[in-house]
Structure formats: structure tokens, C-alpha cells
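Here is a quick walk through some charge pairs, a cavity and a surface patch. Have the structure open as you read.

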Amino acid sequence: MAVSWKQFPFFDRELINDHSDPTSPPSWLKVLHPTPSTACNYSLVNSQDTEVTASASGKGHLFFGDKSGNIIVLNHYLSVVLNWSAHPNKVTNLIKLSAKNLLVSVGEDESGVPIVKVWNLDKLDKNTRNPVLSRSNKIQLGSRVFPVTTVAVLENMTQIAIGLENGVVVLLRGDISRDRFTRQKVVHEGSESVTVTMNQIIACNTSGKETKTVIDEQGGNYGCSFISQSEKNQEMIVGRKEAVYYFSPEGRGQCFVIESEKTHLSFFRNYLVVVSKQPKTKPTGVSLDDGFDSDQEAYGFDNQVQGTILTLYDVKSKYIAYTGTFGLFGDSSSLDSPGVPIKSVCNEGGELFVVTADSKMYRLEEKDLSSKLEYLFKKNLYPLALSIVTNNPTSIGPSHVESFDRDTLVEIHKRYGDWLYSKLDYDSAMQQYQHTIGHLEPSYVIRKYLDAQRIHNLTSYLQALHAQNLANTDHTTLLLNCYTKLKSHTLLSEFIKSSTPFDVETAIRVCRQSGYYEHALFLAQKFEYHHWYLKIQVDDLKQYEGTVKYLTRLNTRVVVKELLNYANVLVTECPSEMTDLIVRLCTPANSGTSVGGGSPIVGGKKTTPVVGTLSSFGEDGGVVQETAVIAEDAIADPLDFVHFYVDQPTWCLVFLERVLARRWPNGTSAKGGKNDIESVREEVAHRGVCNTLLELYLSEAKKDKEGTNGRKKKEEKTLALLKNPNSNYDVDQALVMCKVHGFRTGTLYLCEKANLHRDILMYQMEAEEYASVLETCKKYGDIDPTLWTEALTFFAAKATNTNTPSNETAKQYLSNLLDHIDSHEILPPLQVLQVLMRNPLVTVGMVRDYIINRVQNEKTALSSDER
């Protein structure tokens, strides 16, 4: 992968000096080093060598092995805590286990034979105060001795793989941490030194059946390969002159073009550490005649200085965090400065330590995240800043814990968006602003994109707000307005039909205001905003029949609530359908009658409904059967709907007749109640329906002329309702209504039903129905004798009124009444005369026959008594 590596100064370099002498290197690193004598000439001061040949780190400590076989252990403060002679000859390899506090060292004995030793750092010898040696094992195959080039150890200490210079890989098995029997086995033999081997990369399976797989036909140099420590996906990283390659057991993976002659490869935090050779150059201002040649030879240099370069690559973010040499002639990080070979690179506690061949030690410490970001912000390198933040690992160590929070990331996206916006790249800026959702105030972004030319960007931002459930009603309104301004029917449909959370009522309102009634109705129906559905259907679309059909699918209580605002209009426009609906609301589901009752529609006009029918007829004359059923969670009170029929009295009659027939076919008691309260409610509802129906019958009958068939039929229905034993009307109220509307038959029936005999008599007297008055007295006189005195008074007054043509008739009825009273001895003569005497116009001639008959009857009675 060809990468353009940008370079940044993200590390600070520090030369580490001795604690007791700040002008000198650490005491444990005293070696042959140059000391300036003049501006450009150098002399050398000799001291005892401590040449580092191996290094490791872990558990807050640094471990160094030298050519004398010593192991030096430094703590976090770079103070020597342990220093012991581990091997007779130089230490070639050090490995610090992470799971256990064990150190594995490989060194040479006096004969040059490699020896593997395991040191227990938790246990110190009581006498020497050095770590206890847990295990020691010589590595020798046959009579010849070959140096160790690489070592690998399993964390459980059950296997150690050792690569030799002759290409042989030896595997040690057993409990290696203790001095127990360990088996040695050659798992690979080759002709090249073993790192990954010089000419091949081979994977050996040492668990179970041993197998070998050639991963690649090209190997790598010593020190230029290692195994990544990732637990999820372990990979071998191999450095070659042209690039760095990643290998897995399956084969080669990604690679990065890094052209250099590499001498060391490792990982530090998220950086790939590459040490490569520096091109040979002559040091400026140095004469080769002043003894410099011999000094170079002391370091193993040629007549031209060739140092090494340390470079830290961030392979994820694709940049160089540090690069520099460690100079023989001054501590410069410039690549133009001659450098010396790097002997060791190790890291611990979030810091990188470098030991050079001139026995100097350097510390590289990464700058804090805020400093790096500030540097990138000044150069407007926002993509790199984002990459660094998202890939920034948590540092190790109590004083170097560094991690990013969401606010940092949001601030980068905001700055990046602002910079892109200033460059008029509105689309890219919006992509950055969308990453700030949930942290940056939405109004900050919205104000930037209110221009009509950027409405597409604003739409995408508002969509993202809704997708994350962070939009309020204003955002929903604005988004829907964007859709409508874009005239994007598709986008609007996708939004309202998606699972994106939004304020539904706001969406309905905006769609309605913009004329997208179909979308508004969809939302109202889906989310059960019934009042909005009715408002749009009735007020905007005038779809009355569709509204009624929608209502038939709703719960009873919901329908009753929603009808409060629109029932008058719907009853006027769709009286038949609405009546069917309201009847269902007011009757039990098991009433067993078909739904209908509306009049047919002929020629597009509604015909007059037939009052009293229980079904309606379609255009073909057939009965229309309605199948929709409303959930019966309650039965509505019919009186709640009567006022909807203020302008439709005929349909109100249809409604009440059907409810009465279906809900109370056998009276109130037949309905029954689960408790006393329900029974009382039924009683009240039944009575209210009967009273209202009676009033409608009377009022409608009065509209027709006296004697017409229409009036006669309505009066017949009224009387039938009054006489129906299942009717439950208020008698007093019904009597008043019959009197007010002049329904004589009903009035008399009700008076008789209420035993109001005197009222019957008075009603007949007012109508001057002489025969009826006499018959009433005869019928009820025995129950109420005062009827006779009322009749006497009435007929006496009529008989003496000479201004009326019926006075002679009244005289005749007065005579008949007196004869009936006398013959049946209903009233005593004296009482009769007293009643008649109240009218001064009554003459003796009017009562002559009555008096004569009474005298004769008295004489006859006396004669009978005397005998």
C-alpha cells in the first residue's frame, strides 16, 4: 500500500543523564565516548565498557543485557534496582513475560554454547539479593555450536522456540519455569539464520500434530520481524527494504511502502517503530587525520560515518509522529546530522527509550492529545485530527492515562465543518455537522443552511436529527416544510412511513397546511389521531361518507368523543349512514337486527326516509347489510346524540325508533343490569328515549293539517307508544305534551291512566262535549262523586247562557243528568238544589220536573212507611 507519509513533531526527545552528574550519561552506561577538545576536533576518554546487547520491558521496569553477561534492571525512575551476572558471556536475548513475573534470558557460556535461563523476579536469593534462577538449559545440537538469533516464549511457559544461526528451530517443551525434565525437538531445519528465516516465512503448528506451512517465499533480516500482541488477531510484521508486510497464518495481508534498510522493527502504543540505516556521510568540519578513524573503528564504523534513523509510523492514520537520528557529534534530531547505531529500543510506562552505540540513553515522550490537535488545527488538518482521536489508545501508566471523550471529537467535527463552510463546500461541511448531533446545538447548524439554495443540506441534517430521536416539534415542522418546498412527494412519503421517531401531531399539521392531505390522513390513521382525521376529511376534503366508514372501525367511546364536533355536519350530509352508526353505538352487539335504516339514493338525491323501518334499500331494491361492528366496550346513551338531529327531525325519529326496538324490545327490565347503578342508567335512558320520541311524534303530527292521513298516522303511532306496555315515559310530561299539541285522544288516555277523572271531565267541559261529560260522570261518578256536582254546575251554566246556540241542548242534558241522579239517588235533593242555586239564572222551570219527581217519590215513600 503506497502511502504519502506526512511528518509531524508529536514527540519530545530527552537525553537522559546520570542522577548524580547531570552532565554525564547514566553510570551503568559508562562507555567509550567522545569529548570535544576544540570546535571541530575531538579527543576520546576511555572507561569501562557496558555495551547493551539485548533489552526487554514490562511491569514498570526496563531490562538490559550486556556483552559481559550482566543483566541490569531499571525502575520507572531509571534507577538500577537489580544488576547481576546472568551468563559467563554476552546476553543475546531477553524476554519479559507479561502474565508472570519471569524473565527469560539467552546467553553464552565460556565455550560459546547458548544457555536458556528462566529467572523468578519475585524471589531473591538471600545472600546475593539477585533473582532466583528457576531453570537453565543448554542449546546444542551435535558437536557444533551455533549462536541464537531469535527466541519466542509462550506465556504459560510450556514451550520455548529458539532459532539458531544455522537455520534450525529448536522447541523446548515441559514445565519450563521449573527445573523439571524438558524435551528438546527440532521442528525446522534450514540453511539460513532463523528470524522468520532469511528466505522464507514458515508457520509451525506445535500443538497436537506438528505441521509446517510456508507463508511466504521471502524472509526478513535479523531484528526486523515480531508478533503483534493483539489478542483478537495475531499477526507477524516483517520489515523488508521496500516495505513492511503483515502476515497471518492464512497468508500475507496488508503492507505499507516504507523504503529503507531496516535494522529493527517493533510496536510502541499505536506506532510502528522502524530503525533503519542512515546513508554514509562524512561529518562536517571533522578531519580524518585527527584520530577520528581510529575512533570509528572502535565503534565498528568505516571511514565514513553510518548511523541509524528512528521513525515512528502511525499506520492507521498514515503519518509519521517522529523521525530523527541520534548523533555522534551532538544530539540532533535532524536527518542531516550523522548518527550512531541504535543498540536498543524498548518502551515502558508510555515512554520510548533508545540506547545508542555511544552509550547514551534517550527518552521519547509523546505530546498530549490537546497539543497535537492544536498543531493540526493551525494547519487545518482536520481529517488527520479525527483519525488521531479515534485511534488514540489509552496510555499505560498511572501518570500517563490519556483518552479522548466525545466532546473532543465533536469539537473537531465542528471546526472541520466551519472550515469547509468557509470554503463554500457546503455538502462536505454538512457531513461534518451531522457528526455533532447530540452535542452541538442544532440551531447553530440550521441557521447556516436556511438559505433556499442549501435546502438539500438542511434536509439531510434534519433527517439525521430525527433518526437519532433528538428532534423537537420545530425540527419536525422545518423538515416537513423542506420536503414540501422541494416538492418531493417520495421523500415525504418515505419519512412518514419510516420508523424514524418524530412528533406526529406536528407532522399532521404541517402536511395539512401544505395540502398533503393524503399524508396527513395516513399519519392520523396510523397513530390514531382521530380528531385530525375527522378535521381533514370533513373540513378540508368534504369526504363525509369516508369519514363515517372510518368511524365505524373505532371504539365506542372514541366515536362518541369525536362526534361532538362533527356529528351535525355528518348527519346533515350522510343521514342514513350516520343513523346506522349511531344506532350501533346505542344498542348491544347481540341485538340481532341488520344494520341499515337509511333511505335509498335515487338519481344522486336522498329520498325521504320511511320512519319506523329497520333496514334501508339500495338502488336495486335489496336490503343493504352492514358488516362493520364497533367494539362493544360500552353502550352509548341515545340522548347524547339527539341534539345532532336538530335540523333532521325525521331522521331523529328513525334513530329513536330503532334504538327503542333493539335496545328495549321488552322494556327496561329485559335489558337487566349487572348492578343497581347500571339498572338506574338503563331506566333513565329508556325513559328519555320514550319522552323524546313522544315529543317528536306530537310535533311532527302538528305540522300536518287536521284530518290528513299523515297526521292520523302519526297520532296513531303516538297513541300506540302511549299504550305500549313496554314504554317507559313520564306520564305527567306526556300529558303536558299531549295537551300542548292538542292531541285529545292521548290526553284523555293519559288522564284515565293516571286516574285524573276530574281532569277528563274538565277537558270534556272545555270542549263542550255534553254527551262525553255525562258518560264520564256515569263511568267514574261512583269513584268520585264530585264529578256530579261539577257536571250540574257545568250544564246549569250552559243552559242559562242564552248567547250560545247550544243552550237548549245543555238544558236537555241538564234534565237528563237530573233524571239520572234522581233515579239512581246519587245526590240528595237538597245538595242538588244548593248546587243549582249557585247560578242565579237557573229558573224553577229548568228543575220543575226534577222537583216534582222528587216530591212524588217522597210521598210514595211516606205512604209506604205508614202502611
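D109 and K138 pair up through their side chains in a salt bridge, with 3.6 Å from N to O. The two partners come from distant parts of the chain, 29 residues apart: D109 sits in the loop between β10 (102-108) and β11 (114-124), while K138 belongs to strand β12 (residues 131-138). D109 is buried, because its relative accessibility of 6% is under the 20% cut-off. Keep in mind that this is a predicted model.

In general, side chains of opposite charge can pair when their charged atoms come close. This structure has 22 salt bridges, and here are three of them, the D109 pair included.

| Salt bridge | N to O distance |
|---|---|
| D109 and K138 | 3.6 Å |
| E366 and R269 | 2.8 Å |
| E683 and R687 | 3.6 Å |

Take E366 and R269 next. E366 is in strand β29 (residues 361-366) and R269 is in the loop between β23 (262-268) and β24 (271-277), so their salt bridge ties together parts that lie 97 residues apart in sequence. E366 counts as buried at 12% relative accessibility, whereas R269, at 26%, counts as partly exposed.

The E683 and R687 pair is a local affair: both are in helix α19, and because they are 4 residues apart, about one helical turn separates them. Both partners count as partly exposed, E683 at 29% relative accessibility and R687 at 34%. Elsewhere, E14, E351 and R363 are joined into one network by salt bridges that share partners.

Helix α19 turns up again in the cavities. There are 2 cavities of 30 Å³ or more in the structure, and the second largest holds about 40 Å³ of space. Around that second largest cavity you'll find L698, A701, K702, R711, E715, H741, G742 and F743. Two elements, α19 (676-703) and α20 (709-723), each give two or more residues to this lining, and α19 has the largest share with 3 residues. By type, the lining residues split into 3 nonpolar, 2 polar and 3 charged.

Now for the surface. Which residues make the nonpolar surface patch of about 450 Å²? They are L833, M837, V844, I851 and V855. Helices α27 (829-837) and α28 (844-866) each provide at least two of the patch residues, with α28 giving the most, 3 residues. V855 is part of α28, and its relative accessible area of 41% makes it partly exposed.

Key
Residues are numbered from 1 along each chain as its sequence is written. This is a predicted model: local features need pLDDT of at least 70, side-chain atom pairs count only at pLDDT 80 or more; totals for chains, interfaces and linings use all residues. Side-chain values use heavy atoms; hydrogens and water are left out. Patches are made of residues with over 30% relative accessible area and no salt bridge: like charges are joined within 9 Å, nonpolar side chains (Val, Leu, Ile, Met, Phe, Trp, Tyr) within 5 Å. Accessible areas come from the Shrake-Rupley method with a 1.4 Å probe; for residues, only the protein chains shown count as cover. A salt bridge is a side-chain nitrogen of Lys or Arg within 4 Å of a carboxyl oxygen of Asp or Glu. Buried means under 20% relative accessible area, exposed over 50%, partly exposed in between (1.4 Å probe, protein chains only). On a 1 Å grid over the protein atoms alone, a cavity is a set of points where a 1.4 Å probe fits but cannot get out, and a pocket is an open set with protein on both sides within 12 Å along at least five of seven lines; lining residues have an atom within 4 Å of a point. Grid points are joined across faces, edges and corners, and a volume is the space filled by probe spheres set on the points. Ala, Val, Leu, Ile, Met, Phe, Trp, Tyr, Cys and Pro count as nonpolar, Asp, Glu, Lys and Arg as charged, and the others, Gly among them, as polar.
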